[in-house]
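Please open the model in your viewer and keep the sequence panel beside it, since each stop on this tour begins with a selection.

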Amino acid sequence: MPFHWTINPYRGCEYGCKYCYARYTHEFMEMAPEEFEDKIYAKSAAAHLLRQELGRIDRKEYIAIGTATDPYQPAERRYGRTRAILEVFARERGRHLTITTKSDLVTATSTSCARSPAPMWSV
Ligand code: SF4
């Protein structure tokens, strides 16, 4: 699925797939690629920054959530970063979002977003 923008609420991914192309991203922080699934960083300012930046993004452009991490990995239950990001989008109309995940936690979120007064996404 093509996209113009990407949001990764976490750095690292607990699923630790051996084939993951994002494993090298831990090297940017001087960590070993093997730490990719053990040291997970939850981006605390992600929703705040999105709120600040979203007005500059054309509504025709596609935004992908989870291109270098799974946004619904187990850490999401504890930190809720993806949920906070979707709450920002819930105030919007006409945004094109995609979410890439292997977790069934996404179904709980999509149900609550569907109840939002301003449903906003096409997945
Ligand atoms: S980001 Fe995707 S491919 Fe990489 S470890 Fe997580 S689930 Fe696997």
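Begin with the whole protein chain in cartoon representation: this is a predicted model, and its secondary structure comes to four helices and five strands. Followed along the sequence, these elements run in the pattern β-β-β-α-β-α-α-β-α. Of the 123 residues of the chain, 24% count as buried, and among the contacts with a separation of 6 or more, 80% join residues 24 or more positions apart.

Next, select Ile7, Ala47, Ile63, Ile65, Tyr72, Ile85, Leu86, Phe89, Leu97, Ile99 and Val106 and show their side chains, for these 11 residues form the largest nonpolar core. Two or more residues of this core are given by each of β4 (62-65), α3 (81-89) and β5 (96-99), with α3 supplying the largest share, three residues. In soluble globular proteins, nonpolar side chains tend to be buried together.

Stay with α3 and colour its buried residues, which are Arg81, Thr82, Ile85, Leu86 and Phe89. Because they cover an arc of only 135 degrees around the axis, they lie on the same side of α3.

Now move to the strands β4 and β5, which pair in the parallel sense over four bridges; within this pairing, Ala64 of β4 stands opposite Thr98 in β5. Which residues of β5 belong to its covered face, and which to its uncovered one? Leu97 and Ile99 are on the covered face, whereas His96 and Thr98 are on the uncovered one. In a regular strand the side chains alternate between the two faces of the sheet. Centre the view on Ile63 as well: beyond its neighbours within four places in sequence, Ile63 is in contact with Phe3, Trp5, Ile7, Arg95, His96 and Leu97.

For the next stop, select the ligand together with the residues that surround it, namely Cys13, Tyr15, Gly16, Cys17, Cys20, Ala22, Thr69, Asp70 and Lys102. This shell divides into five nonpolar, two polar and two charged residues.

Finally, pick out Asp70 from that shell, a residue in the loop between β4 and α2 (75-79). Is Asp70 buried or exposed? Asp70 counts as buried because it has 27 C-beta neighbours inside 10 Å, where 20 or more are required. Leaving out residues up to four places away in sequence, Asp70 touches Cys13, Tyr15, Thr101, Lys102 and Ser103. A distance drawn from C-alpha to C-alpha between Asp70 and Tyr15 should read 7.9 Å, although the two are 55 residues apart in sequence.

Conventions: Residues numbered from 1 in each chain as written. Predicted model: local features only at pLDDT ≥ 70, side-chain atom pairs only at ≥ 80, totals over all residues. Core = buried A, V, L, I, M, F, W, Y, C linked by C-beta atoms within 7 Å. Buried ≥ 20, exposed ≤ 12 C-beta atoms within 10 Å, placed from the backbone. Contact = placed C-beta atoms within 7 Å. Pairing = 2+ DSSP bridges. Near = placed C-beta within 6 Å. Nonpolar A, V, L, I, M, F, W, Y, C, P; charged D, E, K, R; others polar. Arc of directions from axis to C-beta.
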